[in-house]
Amino acid sequence: MHAATPFSKKLDLVLKALSMSRGRLAAELGVDKSLVGRWASGSVTPSAHNLENLTRLVAQRRAGFTMLDWDRSLDGLAQVFGVEPASPRPAEPPTAGATVEGLPLPGLDLIRMVTERRGATYEGFWRSTRPSIAMPGEIFHDYGMIRRGADGLLRFQMGGSGLLFDGWLMPVEGQVFAILFDTVGQTPVFLVFNGVSLHKAVQLDGLILAAALNAARTPSAYPVVLERIGDLTGDPESDDERCAELLMLDTAATEDTAPDAMRKHLIRDIGPAAAAAGTGELFLLSTWASSLSKGLSAGGHLQG
């Protein structure tokens, strides 16, 4: 495709020219709406199979449209549909420090350096296990992928049952920090995990800070555990397809996926009474002493 124009901008132009919504496109292609959302955001591009189906669908509405038309510039693509290309946005004034897609983030150079050295430790397919704030006592999962992007950062996508959390994972100083965007609640989500020192992380233990999905959007902090459920294949299209499949899974936990020991770790007794009685902590913490984070050595013989 034309190197100067991301596929997401071309898809946006085509959808507007055809007066078609992302939801309708997903329905007609038979794919999950979240996958079309990732095409539109630029976080992933369609696999060869999906691009072929997308091209066939467009050709039904614009006679003569072929796969080659995706290689046109944005102006050239606009001419195919007889529309005016969107006016380019004025350049943003430069800001101090490095950025993540326009977000000023001091220390990003350090994060990129650590990611270059340790990013492979966390790449893979993951399942989260977390308590529900809106449904006390219930445990839920999210599924997704961590993968290093062209910008040198770890892209972090998790979700399921219509929810999608999209953002970045940043290893720093022994911990792993994450900033995700809740595409349903339209708010950021922050996570901190205890990192691992070995070659391959297999489980990460930490805390979430987010606005609950209730009517009051209550600020909430609660534990979360990430478990590795697979490794990347190295083929981006195949991995994208696998991630899309995971995002369609049911998120309700079962006794098998969240046994009693996991539930006790996630739903704890905290506060002054618990601390005084010695049955819990004064604050919600994820200490090294009780952390479930663990990794494997390169050969898989050492775990810790």
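1. Helices and strands are here the runs that DSSP assigns, helices having at least four residues and strands at least two, and they are numbered from the N terminus. On that basis, Ser47 belongs to the loop between H3 and H4. The structure is a predicted model, and the points below should be read with that in mind.

2. Is Ser47 buried or exposed in its loop? Buried means under 20% relative accessible area, and Ser47 counts as buried because its relative accessibility is 8%. When its neighbours within four places in sequence are left aside, Ser47 is in contact with Glu237 and Glu241.

3. Helix H4 covers residues 48–61, and its 14 residues reach 20 Å from the first C-alpha to the last, which is close to the 20 Å expected at 1.5 Å a residue. Its buried residues are Asn50, Leu51, Leu54, Thr55, Leu57 and Val58. Seen down the axis of H4, these buried residues fall within an arc of 165°, and they therefore line one face of the helix. His49 and Gln60, on the other side of H4, are exposed.

4. Which helices help to cover the buried residues of H4? The cover includes H1 (7–17), H2 (22–29) and H3 (33–41), together with H5 (74–81) and H7 (236–246).

5. The packing of H2 against H4 can be described in some detail, since the two helices meet at an angle of about 110° with their axes 10 Å apart. Angles of 65 to 115 degrees count as roughly perpendicular, so H2 and H4 are roughly perpendicular to each other. On the H2 side the residues that meet H4 are Arg24, Leu25, Glu28 and Leu29, and their counterparts in H4 are Asn53, Leu54, Leu57 and Arg61. Leu54 and Leu57 thus appear in this meeting with H2 and also in the list of buried residues of H4.

6. Turning to the strands, S6 (residues 163–172) and S7 (residues 175–182) run antiparallel and are joined by 8 bridges. Within this pairing, Pro171 has Val176 in S7 as its bridge partner. The hairpin of S6 and S7 has 2 residues between the strands, and in this hairpin Glu173 takes a positive phi near 50°.

7. S7 is also joined to strand S8 (residues 187–194) by 8 bridges, and these two strands run antiparallel. Where does Val176 find its bridge partner in S8? That partner is Phe193, while Val176 is itself the partner of Pro171. In a regular strand the side chains alternate between the two faces of the sheet.

Conventions. Residues numbered from 1 in each chain as written. Predicted model: local features only at pLDDT ≥ 70, side-chain atom pairs only at ≥ 80, totals over all residues. Heavy atoms only, no water. Pairing = 2+ DSSP bridges. Expected span 1.5 Å × (residues − 1). Buried < 20%, exposed > 50% of the residue type's maximum accessible area, 1.4 Å probe, protein only. Arc of directions from axis to C-beta. Contact = heavy atoms within 4.5 Å. Axes fitted to C-alpha atoms, helices over the stretch in contact; angles between N-to-C directions. Parallel < 35°, antiparallel > 145°, perpendicular 65-115°, else oblique.
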